[in-house]
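This report covers the fold, the nonpolar core and the helix packing of one chain. The sequence and the model come first.

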Amino acid sequence: MRWRYKTSIEYVISALRTDVLREICMADECIRRADSVAQPHFRFRHQIALCAAAAMSNAASLAAEMLSLGGVPPACRPGPRVRTYDAASIEECLAQAQSLLAHYQKRLAMAERLGLLRLREVFREIIASKRAHVLHAAVMAAAGARPRQLN
């Protein structure tokens, strides 16, 4: 039984490492996107900036859980920009936001299955932030904001 637990924790740490990097990349992309929003669309800029702040908070929470499980969070060094969250249209942003929500719902199920209570709470908070992100993307899509206005 001990071997299975250790294997499970190693898997969780690896998954958290990937999620930390995903959230950092998402925050970076949101910051760039918010910075490029045209001035008449200030409320969209604000919503995108809120999503960036949530992504950074999510990354910090995931990194803290990684440390508590015995892992080491990835070092983030300035380097070439990797665009993992770049979308050509607001509709693609909405689809990506929905995909991230589903991803973290699966992570929540994993944490519950393994009995990792603190991690479960972290994923619940992340899911709430992703729901807000989906809502923001839906609002922008409903407003008809086109990529040239948001990029």
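Buried means a relative accessible area under 20%, exposed means over 50%, and partly exposed lies in between, with a 1.4 Å probe and protein chains only. By that scale Ala128 is partly exposed, because its relative accessible area is 44%. Ala128 lies in helix 4. Its C-alpha atom is 9.9 Å from that of Ala54, although the two residues are 74 apart in sequence.

The model is predicted: local features need pLDDT of at least 70, side-chain atom pairs count only at pLDDT 80 or more, and totals for chains, interfaces and linings use all residues. Residues are numbered from 1 along each chain as its sequence is written, and side-chain values use heavy atoms, with hydrogens and water left out.

**Overall fold**

The chain has five helices and zero strands, which gives the pattern α-α-α-α-α along the sequence. Helices (H or I, at least four residues) and strands (E, at least two) are DSSP runs, numbered from the N terminus. Of the 151 residues in the chain, 41% are buried. The exposed area of the chain is about 8,600 Å², and carbon and sulfur atoms supply 58% of it. Accessible areas come from the Shrake-Rupley method with a 1.4 Å probe; for residues, only the protein chains shown count as cover.

A contact means heavy atoms within 4.5 Å. Among contacts between residues at least 6 apart in sequence, 76% join residues at least 24 apart.

**Nonpolar core**

In soluble globular proteins, nonpolar side chains tend to be buried together. A nonpolar core is here a set of buried Ala, Val, Leu, Ile, Met, Phe, Trp, Tyr and Cys residues joined through side-chain atoms within 4.5 Å. The largest such core has 37 residues, and those with the most contacts inside it are Leu16, Leu62, Tyr104, Leu119 and Phe123. Two or more residues each come from helix 1 (2-35), helix 2 (42-68), helix 3 (90-114) and helix 4 (117-143). Helix 3 gives the largest share, 10 residues.

Phe123 is found in helix 4. Phe123 counts as buried because its relative accessibility is 0%. Not counting residues up to four places away in sequence, Phe123 touches Leu16, Asp19, Leu62, Tyr104, Arg107, Leu108 and Ala111. The C-alpha atoms of Phe123 and Ala111 are 8.2 Å apart, with these positions 12 residues apart along the chain as sequence separation.

**Packing against helix 4**

Axes are lines fitted to C-alpha atoms, for helices over the stretch in contact, and angles run from 0 to 180 degrees between N-to-C directions. The axes of helix 2 and helix 4 come within 10 Å and cross at roughly 165 degrees. Helix 2 is therefore roughly antiparallel to helix 4. Angles under 35 degrees count as roughly parallel, over 145 as roughly antiparallel, 65 to 115 as roughly perpendicular and the rest as oblique. Helix 2 passes helix 4 in a left-handed crossing. A crossing is left-handed if the near helix is turned anticlockwise from the far one by less than a right angle, and right-handed if clockwise. The residues of helix 2 that meet helix 4 include Phe44, Ile48, Cys51, Ala54 and Leu62, and their partners in helix 4 include Leu119, Val122, Phe123, Ile126 and Met140.

Helix 3 and helix 4 pack at an angle of about 165 degrees, with their axes 9 Å apart. Helix 3 is therefore roughly antiparallel to helix 4. Helix 3 also passes helix 4 in a left-handed crossing.

Gln105 is found in helix 3. Gln105 counts as partly exposed because its relative accessibility is 34%. Leaving aside neighbours within four places in sequence, Gln105 is in contact with Ile127 and Arg131. Gln96 is also found in helix 3, and a relative accessible area of 24% makes Gln96 partly exposed.

The table lists C-alpha separations for residue pairs.

| Pair | Apart in sequence | C-alpha distance |
|---|---|---|
| Gln105 and Ile126 | 21 residues | 9.2 Å |
| Gln96 and His133 | 37 residues | 10.0 Å |
| Ala128 and Ala54 | 74 residues | 9.9 Å |
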